[in-house]
Amino acid sequence: MTLLPKGLSQQLLIVAAVLYALVCTLAWLIIETAVEGPARRAVESQMENLARELRGRWTTAQITGSFPNDVVSGELYWSVTDEVGGVFLSAVLDAEGFVPPSLVRSGADPVLQVIASPIGDLATFQQARAETPPMTPGTKAPETVAVTYSVAMSAARYGELVAERARALKQAALSGFAVFSALMLGLIVVLVTLVLRPLRRLERAAEHYGEGENATIEGEFPSEIQAVVDNLNASIDRNAKLVERTRRYIGKIAHDLKHPLAVTQNALSFGGDAEMAKSRLNSMGAILDRYAQLATSIGPDGPHRALALRPFLEDAREGFLLLYRSAPLTIDLECDPGLSLRIAESDLDAIVANLMTNAHRHAKSRIIVSADAQEGSLTLAVEDDGPGLDEEAMRRALSWGERLDTSAPGSGFGLAIVADLASLYGGHLTLERSKALGGLTAKVSLNTTG
């Protein structure tokens, strides 16, 4: 069970708040970590500057024979030692008689370490260089001398100075962090607004549709939402067509039932022909069956997947062979295995079932079911080896409720239903004599370009 609220706006606000808090916390932690290095470098630069100054004093000492006593070190302690035995110390170190040990070899990068001393732990910056003493006239070039320059301060004081400079850097970074936080907050607000605004418009558009102000969901939306809206409008349009078709069929039912109802009522009220009344009752049942089947048809506007025709026709054949096993016929299929059609499966089932039922009723021993695709259309044909029909009988066979063979049960609407379903898909039904079997061929052409 999720702890987030169901509303998308509340979810977005919660996620945005959490994201804002995480980003700001991470940014501040980065600042906290980032200022430590510059703060240390700022303190070490003072020590390095003094070490650089000591190099000049060492050179002067090589000329004068004594180390200048004008080194201003403040709270820093220093020492200069060379490999020929020269040792020069600041006053404090000289008073303690403490010479910092060499921590670095000549030519290596400077090092900063904490060492123990008689005056406490010292943060010591140390640099070793190969120095060349100044030449005097008439002498040969002197050998280089390894000289170690050490600058130190109390380790505690070093920590205090680093902390002070870190606080100063944090204060300077705080204003930038405030600007960053404000920009981050503004960006999140803009993003949430951009996401929610089209959803609000969609909500209002749906309300207008629900209140009957618009026939569809109207408005312009981002492409991702527009795709959903287009699908919804397509569904609305399909449903509207289905409802309109159903209303039309209901009106036709009422119209078509009036006459047989009146005939039946008169026959029963005045002792008329009972057979006529029974015939009219059967007719009314067939009318209801006819419109029920048409009202549930989907038509070409639905989101139909492509149906592989041969497997579908094979299933239909097996079903008929099982259903009519007491009167077996040979049912041949002529259909390319790769042939497919986008059509509602229930509609195709109604077309095939009615055509095969009609063919089975009149066939002697054989039926051929074939499918063929032409450019923009598909033709489904069912032919039998029955007696066939003349042109007038073919015309009457397509009329509603026209039964040419009353010896077998049926409504007389089979071929007419097929014709109506074919028209939904921009096609038509035609009847002709079978060239292969000599009986009737019923051909349904369906438009495949929609």
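A salt bridge is counted here when a side-chain nitrogen of Lys or Arg lies within 4 Å of a carboxyl oxygen of Asp or Glu. The exercises below apply this and related ideas to a predicted model.

**Exercise 1. Find how many salt bridges the structure holds, and examine the pair Glu48 and Arg52.**

Step 1. The structure holds 14 salt bridges, and in one of them the side chains of Glu48 and Arg52 meet with an N to O distance of 3.8 Å, which is within the 4 Å limit.

Step 2. Because Glu48 and Arg52 are four residues apart in helix H1 (residues 8-64), about one helical turn separates them.

Step 3. Both ends of this bridge can be placed by accessibility: Glu48 is partly exposed at 31%, and Arg52 is partly exposed at 47%.

**Exercise 2. Work out which parts of the chain the salt bridge between Asp332 and Arg366 ties together.**

Step 1. The side chains of Asp332 and Arg366 meet in a salt bridge with an N to O distance of 2.7 Å.

Step 2. Asp332 belongs to strand S7 (residues 330-334) and Arg366 to strand S9 (residues 366-374), so this pair ties together parts that are 34 residues apart in sequence.

Step 3. Asp332 has a relative accessible area of 22% and is partly exposed, while Arg366, at 33%, also counts as partly exposed.

Step 4. Elsewhere, salt bridges with shared partners join Glu75, Arg157, Glu160 and Glu164 into one network; within it, the closest N and O atoms of Arg157 and Glu164 are 3.7 Å apart.

**Exercise 3. Identify which residues of the largest nonpolar core touch the most other members, and which helix gives the most to it.**

Step 1. The largest nonpolar core has 42 residues, of which Leu313, Leu355 and Val369 touch the most other members.

Step 2. Helix H7 (residues 345-362) gives the most to this core, contributing seven residues.

Step 3. A second, separate core has 30 residues, including Ala123, Phe125, Val151 and Met153.

Step 4. Returning to Val369, and setting aside residues up to four places away in sequence, its contacts include Leu313, Ile331, Met356 and Leu380, as well as Asp332, the residue that forms the salt bridge with Arg366.

**Exercise 4. Decide whether Thr124 is buried or exposed, and name residues that it contacts.**

Step 1. Thr124 lies in strand S4 (residues 122-131).

Step 2. Its relative accessible area is 0%, so Thr124 is buried, the cut-off being under 20%.

Step 3. Beyond its neighbours within four places in sequence, Thr124 is in contact with several residues, among them Met47, Leu112, Ser150 and Val151.

Step 4. Leu112 is 12 residues from Thr124 along the chain, yet the C-alpha atoms of the two are separated by 5.4 Å.

**Exercise 5. Compare the settings of Ser181 and Val190 in helix H3, and state how many disulfides a search of the whole structure finds.**

Step 1. Ser181 is found in helix H3, where it is buried with a relative accessible area of 9%.

Step 2. Leaving aside neighbours within four places in sequence, Ser181 is in contact with Tyr20 and Cys24.

Step 3. Val190 is also placed in helix H3 (residues 155-210), but is partly exposed at 45%; together with Leu187, Leu191 and Leu194 it forms a nonpolar surface patch with about 370 Å² of accessible area.

Step 4. A disulfide is a covalent bond between the sulfur atoms of two cysteines. The search finds zero disulfides in the whole structure; Cys24 counts as buried at 10% relative accessibility, and Cys335 counts as buried at 9%.

How values were computed
Residues numbered from 1 in each chain as written. Predicted model: local features only at pLDDT ≥ 70, side-chain atom pairs only at ≥ 80, totals over all residues. Heavy atoms only, no water. Patch = residues over 30% accessible without salt bridge, like charges linked within 9 Å, V, L, I, M, F, W, Y side chains within 5 Å. Areas by Shrake-Rupley, 256 points an atom, 1.4 Å probe, with all protein chains shown as cover. Helix = DSSP H or I, 4+ residues; strand = E, 2+ residues; numbered from the N terminus. Buried < 20%, exposed > 50% of the residue type's maximum accessible area, 1.4 Å probe, protein only. Disulfide = S-S within 2.5 Å. Core = buried A, V, L, I, M, F, W, Y, C linked by side-chain atoms within 4.5 Å. Contact = heavy atoms within 4.5 Å.
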